[in-house]
Protein chains: 4
Amino acid sequence: MSNDFQQTLITARRNLILDAAIEVIAQHGFQRTSIKQIAKHAGVADGTIYNYFKNKDELLHALVKRLTEPEAINLQQAQQQQLDPQVFLATEVQEQMRQMQSQFDVFRAIIPETIVDATLARSLYDGIYQPVFEIAECYLKQLMDQGKLPTGDPRVMARLLIAPSMGLLLMRLMGDDHIETAWESYQEAVLKTLTRTFLGDSDED
Amino acid sequence: MSNDFQQTLITARRNLILDAAIEVIAQHGFQRTSIKQIAKHAGVADGTIYNYFKNKDELLHALVKRLTEPEAINLQQAQQQQLDPQVFLATEVQEQMRQMQSQFDVFRAIIPETIVDATLARSLYDGIYQPVFEIAECYLKQLMDQGKLPTGDPRVMARLLIAPSMGLLLMRLMGDDHIETAWESYQEAVLKTLTRTFLGDSDED
Amino acid sequence: MSNDFQQTLITARRNLILDAAIEVIAQHGFQRTSIKQIAKHAGVADGTIYNYFKNKDELLHALVKRLTEPEAINLQQAQQQQLDPQVFLATEVQEQMRQMQSQFDVFRAIIPETIVDATLARSLYDGIYQPVFEIAECYLKQLMDQGKLPTGDPRVMARLLIAPSMGLLLMRLMGDDHIETAWESYQEAVLKTLTRTFLGDSDED
Amino acid sequence: MSNDFQQTLITARRNLILDAAIEVIAQHGFQRTSIKQIAKHAGVADGTIYNYFKNKDELLHALVKRLTEPEAINLQQAQQQQLDPQVFLATEVQEQMRQMQSQFDVFRAIIPETIVDATLARSLYDGIYQPVFEIAECYLKQLMDQGKLPTGDPRVMARLLIAPSMGLLLMRLMGDDHIETAWESYQEAVLKTLTRTFLGDSDED
DNA sequence: TATGAATGAGAATTCATTCAT
DNA sequence: AATGAATGAATTCTCATTCAT
């Protein structure tokens, strides 16, 4: 009883620290952010952070984990339904870009380290992109088999499906103001181009 | 005379250090790479590096500068010629991806810091992407005016032109093996999809 | 009544903690052992330890105290009896070495700190060695007066009486396997040499 | 040339740091002594110490090494000469106790950690005591074979040879003032008792 | 009384930078 | 110009101790 409550408190505090960490790290970068800064921002003592995370690196891994875990659900649903190609594409892309938008600071905090630390990269990759690839590859194969798509390497095509949004993310991370400001327009635009690319010259406005 | 020779020597040594820096930084990341490591890899003493660069950060800026300066040439050429749209696209994309391939380690070294340091990002952006955007935007406007392209925001479209290769770069940086291995196939594939997107269902090889 | 019972409980728990402390400290050394480790080993919470000991150092002093207090009895007995020299020697040495054997972990826990902390050293010295010295000095003087022993400084001789067993203890603490394994043989051997030294070329079994 | 000189300087500074370390550590104990204290005492910056020793523990190992290396010479000599038993004993004991006296602070610094850290103990043991034991055991066997000594386990006897001086060292480490003050008398006294023990009721003063 | 999360002082260690040679 | 030892600020992390529950 009190145990459950305790657990809730602990989880809450853990998340508090993670949220604080995201903000500061997104601003200054992981390596340039000290535990002291994170602690101060979270309103706790330095040592407290070590009650929740084994070390500074673990904090980053926890960020990746928190990012990858709950979102997975959305994908599973997409997988189970036998979707109309158009809907499939839309769902997939929208979901990707919606997450990039809502979790932008997390990506900003994580991605630079991800490029530098293979373990972290693998963690993020396995958590977010691998599943998408698998679904996409599977789906694309179906389309090819049904003759709705010209034959090609599904691995390549799956990656091309993700590439535009990833590219926009990277450019935004590198400070592209227009992408930052007009993210939603890009969301639409990407969907449009992908539709055209993968489903032929479709009829749209 | 002796002065010129001196200058050449100095430039050579500077580049020696930069090349060493790229290798080590690409492997371990900028923050995790110490001046000592770079110096050792370059075969000079720690202090020597400070004869060529004001401080560690300057080294990174020098990398960006060296990356942006000579390559600009390729773009200028593209700009001056009144190109056939198909050729324009091909040239642009190929050039982008060729550079990403040949300078991969530089990108690996630079980009994580770029995401974290706005000044650096600006430097890279202004040096590499802004010019491309300007040319592309300008070119796309022409196409629209000529009715060869449906109307749309040229800023968005220009960025969509770059996005796929940027996305592939990011995924490769994050350790995607297939992209690393089959970069050339992706180069072709990107060109194909962009052609289809921007120039309609074109005739492919 | 309930008070007495309470007191017993408290003493029991105190000893529980001390016993746990001995085990962990003997294994890792006092400074390298954290309160957390001791608490865990004792099956109590960190804070609980502070209900029984003012601070970490007090725990060590308590160990010394517990070691010195009850054992004193054995000495008193030795003192009161007018012993045959041979028996005196035997009793004294056996008792020393028996205690070293049975309380080895305590010595292992205490002695390193004892060397470093004068107060602690004094505590142990006054509790264990001083009394022995006093008895021994007194006894040796008697023997000299009776001409049974060549004249000499009783302080020196008393210390020489203890030195061999102390030396063996130290060597064992430093990891001498043979001494650890064959402690009993050493007990005999020490007795034999001391007999020869202090009581002349005696008749041995 | 300049290289040799450099090397000398480096060795000198290393020894400067070691000497400073001995003084401070002997006073407060290794764990309670911070690198800062040692650096201050040595008149160098904190970081400088890490130019000479990989970490704090290495400093301790260096102390042991410096203690064990040069002294070994004395033993080798003893080994090669076919000594008169009396002379052998005297040399051995004197050497031991002379070293304990002259290097007392080193022992004070080292021994507590030695008890707590098996690796360190092994290092000291192998460096100082093992050689003595080997020589002594070998020598004692000879004596036994020649019938000059009653038969017994040479391992035990060798250790009994060392035990008294070790015991005195320990007692002195634990703050025994008389031993500290009258070390030389103890040196003589130990020799006398060992002579009596191992060589029979010898004729002396 | 017992608990164990929070605290923050203090320790070891790293490393960019300087500067005497 | 090149060197590399010295520096000390800054960082991560530990852990004795406290205190609200």
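**Exercise 1. Determine how many salt bridges cross the interface of chain C and chain D, and characterise that interface.**

Step 1. With a salt bridge taken as a side-chain nitrogen of Lys or Arg within 4 Å of a carboxyl oxygen of Asp or Glu, the rule finds five salt bridges across the interface of chain C and chain D. One of them joins Asp57(C) to Arg32(D), with 3.7 Å between the closest N and O atoms.

Step 2. The basis of the values must be stated. This is a predicted model, in which local features need pLDDT of at least 70 and side-chain atom pairs count only at pLDDT 80 or more, while totals for chains, interfaces and linings use all residues. Residues are numbered from 1 along each chain as its sequence is written, chains are lettered from A and ligands numbered from 1 in the order in which they are written, and side-chain values use heavy atoms, with hydrogens and water left out.

Step 3. Nine residue pairs, both at pLDDT 80 or more, are in polar contact between chain C and chain D. A polar contact is a pair of N or O atoms within 3.5 Å; within protein, one must be able to donate a hydrogen and the other to accept it, and residues adjacent in sequence count only if both atoms are side-chain atoms.

Step 4. On the side of chain C that touches chain D, two or more residues come from each of helix H6 (104-116), helix H7 (118-145), helix H8 (154-173), helix H9 (177-181) and helix H10 (183-199) of chain C. Helices here are DSSP runs (H or I, at least four residues), numbered from the N terminus. H8(C) gives the most, with 13 residues. By class, this side has 26 nonpolar, eight polar and nine charged residues. In this scheme Ala, Val, Leu, Ile, Met, Phe, Trp, Tyr, Cys and Pro count as nonpolar, Asp, Glu, Lys and Arg as charged, and the others, Gly among them, as polar.

Step 5. Chain C and chain D each bring 43 residues to the contact, where contact means heavy atoms within 4.5 Å. About 4,200 Å² is buried between chain C and chain D, 70% of it on carbon and sulfur atoms. Buried area is the accessible area (1.4 Å probe) that two parts lose on being put together, summed over both.

**Exercise 2. Identify the operation that superposes chain C on chain D.**

Step 1. Two copies of a chain are related by a rotation about an axis and a shift along it. The fit is by least squares on the C-alpha atoms of residues with pLDDT of at least 70 in both copies.

Step 2. For chain C on chain D, the rotation is 179°, the shift along the axis is 0.0 Å and the RMSD is 0.2 Å. That is the relation of a two-fold axis.

Step 3. Gly167(C) has the C-alpha of chain C nearest the axis, at 1.7 Å. The same surface serves both copies, since 98% of the contact residues of chain C recur in chain D.

**Exercise 3. Describe the interface of chain B and chain A by its salt bridges and polar contacts.**

Step 1. The count between chain B and chain A is five salt bridges. Among them, Asp57(B) pairs with Arg32(A) at 3.7 Å, N to O.

Step 2. Nine residue pairs across this interface are in polar contact, both at pLDDT 80 or more.

Step 3. The contact draws 43 residues from chain B and 43 residues from chain A. The area buried between chain B and chain A is about 4,200 Å², and carbon and sulfur atoms give 70% of it.

**Exercise 4. State which residues come nearest to DNA strand F, and which atoms of the strand the protein approaches.**

Step 1. A residue is near a strand if one of its heavy atoms lies within 4 Å of it. Of the 26 residues around DNA strand F, Lys56(A), Thr48(B), Ile35(C), Arg13(D) and Thr48(D) come nearest. Sugar and phosphate make up 69% of the atoms of DNA strand F that come within 4 Å of the protein.

Step 2. A phosphate oxygen of DNA strand F lies 2.9 Å from a polar side-chain atom of Arg13(B), and a phosphate oxygen lies 2.7 Å from a polar backbone atom of Ile35(C). At a base, a nitrogen is 3.2 Å from a polar backbone atom of Gly47(B).

Step 3. Helix H3 (46-52) of chain B and helix H3 (46-52) of chain D are the elements that give two or more residues to the surface near DNA strand F.
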